[in-house]
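Subject: Two-chain model, handover and notes

Hi,

Here is the structure I promised. My notes follow below it.

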Amino acid sequence: MTEFLFFIEVVVGGLLAGTMYSLVALGFVLIYKASSTFNFAQGAMVFFAVLAFVGLMELGLPFVLAFFATVFLMFLVGYFTERLVLKPLMNQSEDTMLMATIGLGFVLEGLAQAAWGVEVRRLDLGIGDFPIPWIADSTGLFISALDLTAGTVSISMIIGLSILFKYTKMGLGLRAVADDAGAASSIGIPLKSIMLMVWTTAGIVALIAGMMWGARAGVQFALVDLALKALPVLIIGGFSSIPGAIVGGLIIGATEKVLEVYIGPFFGGAIEGWAPYVLAIFFLLYRPEGLFGEKIIRRV
Amino acid sequence: MRTQPVFMTFKKDDIINFVVLMTLAFIIIPMTVKTDYWYTSILIPWLCLSLAAIGQQIVMGYTGQLALGAAGFMAAGAFACFNLVLRVPDLPFVGALALSGLIAAAFGILFGLPSLRVRGIYLMVATLASQFFIIWMIDKFGWFKNYDTSGIITTQDIVIFGKSLTSPMEMFFVLVVIVTVLTLLAMNMARGSTGRRWMAVRDMDIAAESMGISLLRTKLQAFAISAFYCGVAGALFAFTYLKSLEPVAFDIKLSFKILFMVILGGLGTINGAFIGAAFILLFPVVLNTVGNNVFHGSIDATIISATEQVVFGVLIIVFMIYEPLGMAKLWDSIKQRLFGRNSKESEAPVDQADVGKQGS
């Protein structure tokens, strides 16, 4: 029985940690949906946002003020990205855009380090990374409060954004832009402000993802590498699907933990580092467009 | 379709370039550069990384497959070379080098398999798997490290014709010879039918396939050759520059560096690999010198390394916008302006077909 409980515990822990990957992946999906640009800089945005947030808190700003100041900062990042990177590269191929966003990522990482330094910072959200007592007492499962919070936050954000995309006028405009930017702008959808909005939203998502990760592992450069794990999540879930981001995150999170706990010891552990990528390769072989993605059709 | 490669043809310009470069490498540099610093910190890593950049260039610049795992293949090559020298006593160094290149090539084929199904960012993720997997494998199985627990292994001396090389200048000469041979080979492949097939696949893979080019063969060949170059480069990097072996030296940062070399140097050019590698290596050195001498250490080291990152990032964006063909194209334009029409015909325009225009 305890064997089984332990297995459940591993799976639940994995699922909840997976929602953290989903949060990072969500930022990728937002931008990909709106501009079919793969924003490689999303990981750097997570790092940039949370480092700015912690930095502002250290300067003495209260939590809420620091949060909104960072949101404004991410708005500026979006604004300048749109003006200086996206606009000159309009109508370029996806690969060119991808390389440009790799460059953007390096700029953001460099700027964040220049402004706030490289030391690891602690971020205290008031939620401990320890098992919740009443769940542990009633069921015998040890589930971290931080994991549970991150899970709740990610799921509510994903639901909120799905509603935003589906039922608001803005969301409709956004989907129109995603479908055909030229046609959308010719019927009067303000391309620029839509883009700006999407990048700002992605910035906010990055900030929240960064806060969750930062509270667990400290605010440090390694966040950028963690954010890379959002890539297999996207491959499994599909690049253009918001629910895909969460399902992909859950699959990666759970599989990674289960493999690490049950298979890992035979190979000396730390297979978490590559297992998600290999899992993604297997998904690629069977479903290149991901679970929820649109089918890719290419013509000569 | 002809399958055997076209043998190298060369023009007068090529011979002139070759002679000039060889004189520079074997006569002028040894006569003018006396300090070891230049060999150990600039020239040796430059040649090694240029070789890796050629590998990346083959798979990314010529075949158009976005791969981000060069450092993984370099690690495979480096540790293969270490084990071959350690365990096969009679094997000459060059033989070990070639074999470790082949071992890396095997990994290249394995991790190049996803390229048959996917492209672009999807492929990038698949190649990231190779990066993390190879490093993990080396790290976790003690055999690869000869059960060394300290984490840092010293490489053996390079022995060529019974003589072990110790001075940086000797290593530099060995490197020049190896790099020259491999570069000529790469140029030959790029100009011949092999390279034409790569470029056809890059420019429009479906069209290439319908013209009778086997995607399976072409892509896997590109991955294998690319990984071979990276593997040899990695072995040389470890044996001549690092002088030690640790998996951390081949982490994802190095892969990014090599990617930047290729993008900034110019996609789809061999000389771009050398120019890009020189820039990525020299820029931090210049920045540090300026930081130390002009500002006398008043600028924090963190700021300097952050500046370096920002400048690399900005340069990539600027090059993507204004000159997608990179520094190699800039260099060509400068040459054209200086020497007039003389150099205009030296480079066939097909070699530099715009990588960015593919797909969509």
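Which residues does A:Gln113 touch, not counting residues up to four places away in sequence? Within chain A, the contacts are A:Phe47, A:Val118 and A:Phe221. From chain B come B:Thr302, B:Ala306 and B:Gln309. Keep in mind that this is a predicted model. A:Gln113 sits in helix α4 of chain A, residues 94–116. A:Gln113 counts as buried because its relative accessibility is 9%, and the cut-off for buried is under 20%.

Now the interface. Chain A and chain B bury about 4300 Å² between them. Carbon and sulfur atoms carry 77% of that area. The rule finds 0 salt bridges across this interface. Polar contacts come to 2 residue pairs, both at pLDDT 80 or more. On the side of chain A that touches chain B, α3 (63–86), α4, α10 (222–228), α11 (230–237) and α13 each supply at least two residues. The largest share, 15 residues, comes from α4(A). In total, 50 residues of chain A and 46 residues of chain B take part in the contact.

Next, the salt bridges. The whole structure has 5 over all chains. Some of them:

- A:Lys229 and A:Glu256 meet at 3.4 Å, N to O. A:Lys229 lies in the loop between α10 and α11 of chain A and A:Glu256 in helix α12, so the pair ties together parts 27 residues apart in sequence. Both ends are buried: A:Lys229 has a relative accessible area of 11%, and A:Glu256 is at 4%.
- B:Lys219 pairs with B:Asp205, with the closest N and O atoms 3.9 Å apart. B:Lys219 is in helix α9 (residues 215–242) of chain B and B:Asp205 in helix α8 (residues 205–210), 14 residues apart. B:Lys219 is buried at 3%, and B:Asp205 is buried at 7%.
- A:Arg121 bridges to A:Glu119, with 3.8 Å between the closest N and O atoms. Here A:Arg121 is buried at 8%, whereas A:Glu119 is partly exposed at 48%. These two are linked with A:Glu58 in a network of salt bridges.

Last, the surface. A nonpolar patch with about 770 Å² of accessible area is formed by A:Phe4, A:Phe6, A:Phe7, A:Tyr262, A:Ile263, A:Phe266, A:Phe267 and B:Phe141. Helix α1 (residues 2–35) of chain A gives the most to the patch, with 3 residues. A:Phe267 lies in the loop between α12 (242–262) and α13 (275–286) of chain A. A:Phe267 counts as partly exposed, at 36% relative accessibility.

Best wishes

Technical notes. Residues are numbered from 1 along each chain as its sequence is written. Chains are lettered from A and ligands numbered from 1 in the order in which they are written. This is a predicted model: local features need pLDDT of at least 70, side-chain atom pairs count only at pLDDT 80 or more; totals for chains, interfaces and linings use all residues. Side-chain values use heavy atoms; hydrogens and water are left out. Helices (H or I, at least four residues) and strands (E, at least two) are DSSP runs, numbered from the N terminus. Buried means under 20% relative accessible area, exposed over 50%, partly exposed in between (1.4 Å probe, protein chains only). Contact means heavy atoms within 4.5 Å. Patches are made of residues with over 30% relative accessible area and no salt bridge: like charges are joined within 9 Å, nonpolar side chains (Val, Leu, Ile, Met, Phe, Trp, Tyr) within 5 Å. Accessible areas come from the Shrake-Rupley method with a 1.4 Å probe; for residues, only the protein chains shown count as cover. A salt bridge is a side-chain nitrogen of Lys or Arg within 4 Å of a carboxyl oxygen of Asp or Glu. Buried area is the accessible area (1.4 Å probe) that two parts lose on being put together, summed over both. A polar contact is a pair of N or O atoms within 3.5 Å; within protein, one must be able to donate a hydrogen and the other to accept it, and residues adjacent in sequence count only if both atoms are side-chain atoms.
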